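User: I would like a close look at one part of this structure, worked through in connected prose. Please explain each term with its cut-offs as you come to it.

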Amino acid sequence: MNITFNTAALLFPAISLIMLAYTNRFLALAALVRSLHAKYLEHNKSGVLHGQIRNLRYRLKLIKQMQAMGVLSFVACIACMYCIYIGHVYLAELTFALSLLFFAISLIISLVEIQVSNKALELELSDMEEGNDTSLVDYIKKKFDKKKNGPQ
């Protein structure tokens with residue numbers, strides 16, 4: 001396989017876009033932390049808030065790792081292009097492979113962060129359900145029963 005500038009250059013837009021997405025996710029999380037801090041001060045240490053805080057700390061660590069792997073991917077891609085420029089084919093192939101590896105690790109960590117984010121939303125929703133832990137099927141059945149029996 002011959003790696004050219006075009007091969008390495010293919011990663012630049014992908015890495016740039018994923019880094020932009022990670023930055024947006026971080027900014028959204030930062031805003032959430034600030035609003036949660038205000039809630040925490042208002043409501044004096046609610047149990048749900050403690051769960052949210054733990055979740056946010058973990059998500060912040062994941063985002064930091066995602067960003068670090070994205071940056072390493074970018075640096076390895078630049079090193080690959082430099083190796084192509086100076087004619088070191090083996091090093092170019094190695095750094096390109098490292099760039100792909102770092103990029104893949106970053107995406108996997110992103111997937112984990114998405115799962116943790118969903119748990120945070122479930123925690124928020126459970127707080128608003130007033131103890132009703134019903135499945136989607138139960139919810140739909142209740143809606144149909146109300147329509148069938150008419151308004152009461």
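Leaving aside its neighbours within four places in sequence, which residues is Leu29 in contact with?

Analyst: This is a predicted model, in which local features need pLDDT of at least 70 and side-chain atom pairs count only at pLDDT 80 or more, while totals for chains, interfaces and linings use all residues. Residues are numbered from 1 along each chain as its sequence is written, and side-chain values use heavy atoms, with hydrogens and water left out.

Once its neighbours within four places in sequence are set aside, Leu29 is in contact with Leu56, Arg59, Leu60 and Ile63, where contact means heavy atoms within 4.5 Å. Leu29 itself lies in helix 2, and this helix covers residues 11-43; helices here are DSSP runs of H or I with at least four residues, strands are runs of E with at least two, and both are numbered from the N terminus. The relative accessible area of Leu29 is 2%, so the residue counts as buried, a class that means under 20%, with exposed meaning over 50% and partly exposed lying in between (1.4 Å probe, protein chains only). Between Leu29 and one of its contacts, Ile63, there are 34 residues along the chain, and their C-alpha atoms are separated by 9.5 Å.

Another of these contacts, Arg59, leads on to the charged pairs. A salt bridge is a side-chain nitrogen of Lys or Arg within 4 Å of a carboxyl oxygen of Asp or Glu, and a search of the whole structure finds two of them. In one, Arg25 pairs with Glu113, the closest N and O atoms being 3.2 Å apart; because Arg25 lies in helix 2 and Glu113 in helix 4, the pair ties together parts that are 88 residues apart in sequence. In the other, Arg59 pairs with Glu113, and here the closest N and O atoms are 2.8 Å apart; since Arg59 is in helix 3 and Glu113 in helix 4, this pair ties together parts that are 54 residues apart in sequence. Through the shared partner, the salt bridges join Arg25, Arg59 and Glu113 into one network. Glu113 has a relative accessible area of 1% and is therefore buried, and Arg59 is likewise buried at 9%, whereas Arg25, at 24%, is partly exposed.

The wider setting is a protein with five helices and zero strands, in which buried residues make up 28% of the 152 residues. Among contacts between residues at least 6 apart in sequence, 82% join residues at least 24 apart. The largest nonpolar core has 25 residues, and those with the most contacts inside it are Ile15, Cys80 and Ile84; such a core is a set of buried Ala, Val, Leu, Ile, Met, Phe, Trp, Tyr and Cys residues joined through side-chain atoms within 4.5 Å. The elements that give two or more residues to this core are helix 2, helix 3 and helix 4, and helix 3 supplies the largest share, 10 residues.

Further along helix 3, which spans residues 47-86, is Ser73, buried because its relative accessibility is 0%. Beyond its neighbours within four places in sequence, Ser73 is in contact with Ile15, Ser99, Phe102 and Phe103. Cys80, treated in the same way, is in contact with Ile3, Ala8, Ala92, Thr95 and Phe96. Of these, Ala8 has its place in helix 1, residues 5-9, and is buried at 0%; not counting residues up to four places away in sequence, Ala8 touches Cys77, Cys80, Met81, Ile84 and Phe96. Ala8 and Ala92 are 84 residues apart in sequence, yet 9.0 Å apart in space, C-alpha to C-alpha.

Finally, the cysteines: a disulfide is taken as a pair of cysteine sulfur atoms within 2.5 Å, and by this rule the count comes to zero. The sulfur of Cys77 has its closest cysteine sulfur in Cys80, 6.0 Å away, and this is too far for a bond. Cys83 is in no disulfide either, as the nearest cysteine sulfur, again that of Cys80, is 6.8 Å away. Cys77 is buried, with a relative accessible area of 0%, and Cys83 is also buried, at 8%.
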